[in-house]
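Here is a short report for a reader meeting this structure for the first time. Please look at the sequence and the model before reading on.

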Amino acid sequence: MRRIAFINEKGGTCKTTLAVNTAAWLARDRGLEVLLVDLDTQGHAGKSLGLDVRTLPRNVFHLLTDPGVRLEDVIQPSAIEGLSVLPAYKEMADFPLVVAHDERRAHRLAERLAPAEAAGYDVIVFDAPPSMGITTRNILVAATEVVVPVALTYFALDGCAEVADTVRQVAETEGRPELRITKVVPTLYRRTSLATAILERLKAYFPDTLAATPLGYNVKVDEAQSHGKTIWEYAPSSTGAKMLGAIASEIYDGAPAKAKRGKKRVA
């Protein structure tokens, strides 16, 4: 089971947009059973799929802090076949305090998600909060690969360096040699001299992992989120859908590959 984490300590990098639409693409285009795990207090991953996260009786916080709550008690279905959601909301702000004295606090998420593979999921996609605290460390311990969205702004490389250092540190200290950055995705791309210069620097720093397709601004992506839908449900023929599909293919297959198909579901 692949476990893909979308991480950047900076906000506004299109992290949730990429996580949600990649998870939806894997379910729709590759026919996989996907669990999208939201760990951000804003709950935007669930909201992007039409969930009213404010009214749910349980969310990922309860799974991580209450031994009596089971994975199946928290998972919510989505409108997309094969895509389920483990939602989050503002309670996650208390998670660092609740686990502060637990020596294995960084392993809470991995341990609580252990039944996911037995439940038949092929892929887990993590949407991380915009910080590098204990919640993100839990994600890194649970994940096998990391995708770093990078907004093409002046401080872009600083954020990348922080994430890369943290990934290496967790891989070493937690005995996770398989954990690595597999893709760096440029986002908020515009045809400006600054964006072009930053993109060139990213190519130099990440020659083997930089995505070939940058994510530029597309109004249909924003509109889809405002309607609680993925781009595939809202505007599947849009430029935004084409960009997100190419990026998702690079993340999962290694390169854009329109012809490749996944396994068929058994009815």
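At what angle do the axes of α9 and helix α10 cross? The axes of α9 and helix α10 (residues 193-205) cross at roughly 25 degrees and come within 10 Å. Axes here are lines fitted to C-alpha atoms, for helices over the stretch in contact, with angles from 0 to 180 degrees between N-to-C directions.

This is a predicted model: local features need pLDDT of at least 70, side-chain atom pairs count only at pLDDT 80 or more, and totals for chains, interfaces and linings use all residues. Residues are numbered from 1 along each chain as its sequence is written, and side-chain values use heavy atoms, with hydrogens and water left out.

**The helix pair**

The angle makes α9 roughly parallel to α10. Angles under 35 degrees count as roughly parallel, over 145 as roughly antiparallel, 65 to 115 as roughly perpendicular and the rest as oblique. From α9, the contact draws on Ala156, Leu157 and Cys160. From α10 come Ile198, Arg201, Leu202 and Tyr205. Contact means heavy atoms within 4.5 Å. By class, this contact has 6 nonpolar, no polar and 1 charged residues. Helices (H or I, at least four residues) and strands (E, at least two) are DSSP runs, numbered from the N terminus.

**The cores**

In soluble globular proteins, nonpolar side chains tend to be buried together. A nonpolar core is a set of buried Ala, Val, Leu, Ile, Met, Phe, Trp, Tyr and Cys residues joined through side-chain atoms within 4.5 Å. Buried means under 20% relative accessible area, exposed over 50%, and partly exposed in between (1.4 Å probe, protein chains only).

The largest nonpolar core has 53 residues. Leu86 and Phe126 have the most contacts inside it. Helix α9 (residues 156-173) gives this core its largest share, 8 residues. A second, separate core has 39 residues, among them Ala23, Leu83, Trp232 and Ala241.

What does Phe126 touch, not counting residues up to four places away in sequence? Its partners include Arg3, Ile4, Ala5 and Phe6. Leu109, Leu113, Ile139, Ala142 and Ala143 are also among them.

**A covered helix**

Helix α8 (residues 134-142) is mostly covered, with 8 of its 9 residues buried. Among the buried ones are Ile134, Asn138, Ile139 and Ala142. The buried residues of α8 pack against β1 (2-6), α5 (95-98), α6, β5 (123-127), β6 (145-151) and α9.

**Single residues**

The table places four residues and gives their relative accessible area.

| Residue | Place | Relative accessible area | Class |
|---|---|---|---|
| Ala114 | loop between α6 (108-112) and α7 (115-118) | 53% | exposed |
| Met243 | helix α13 (residues 239-253) | 14% | buried |
| Cys14 | loop between β1 and α1 (15-29) | 21% | partly exposed |
| Leu188 | strand β7 (residues 180-189) | 35% | partly exposed |

Met243 is 30 residues from Thr213 in sequence, but their C-alpha atoms are 6.8 Å apart. Leaving aside neighbours within four places in sequence, Met243 is in contact with Thr213, Pro214, Leu215, Gly216 and Asn218. Ala114 and Ala93 are 21 residues apart along the chain, and their C-alpha atoms are separated by 23 Å.

Most residues other than glycine have a negative phi. Cys14 is not a glycine, yet has a positive phi of about 70 degrees. Leu188, also not a glycine, has a positive phi of about 55 degrees.

How values were computed: Ala, Val, Leu, Ile, Met, Phe, Trp, Tyr, Cys and Pro count as nonpolar, Asp, Glu, Lys and Arg as charged, and the others, Gly among them, as polar.
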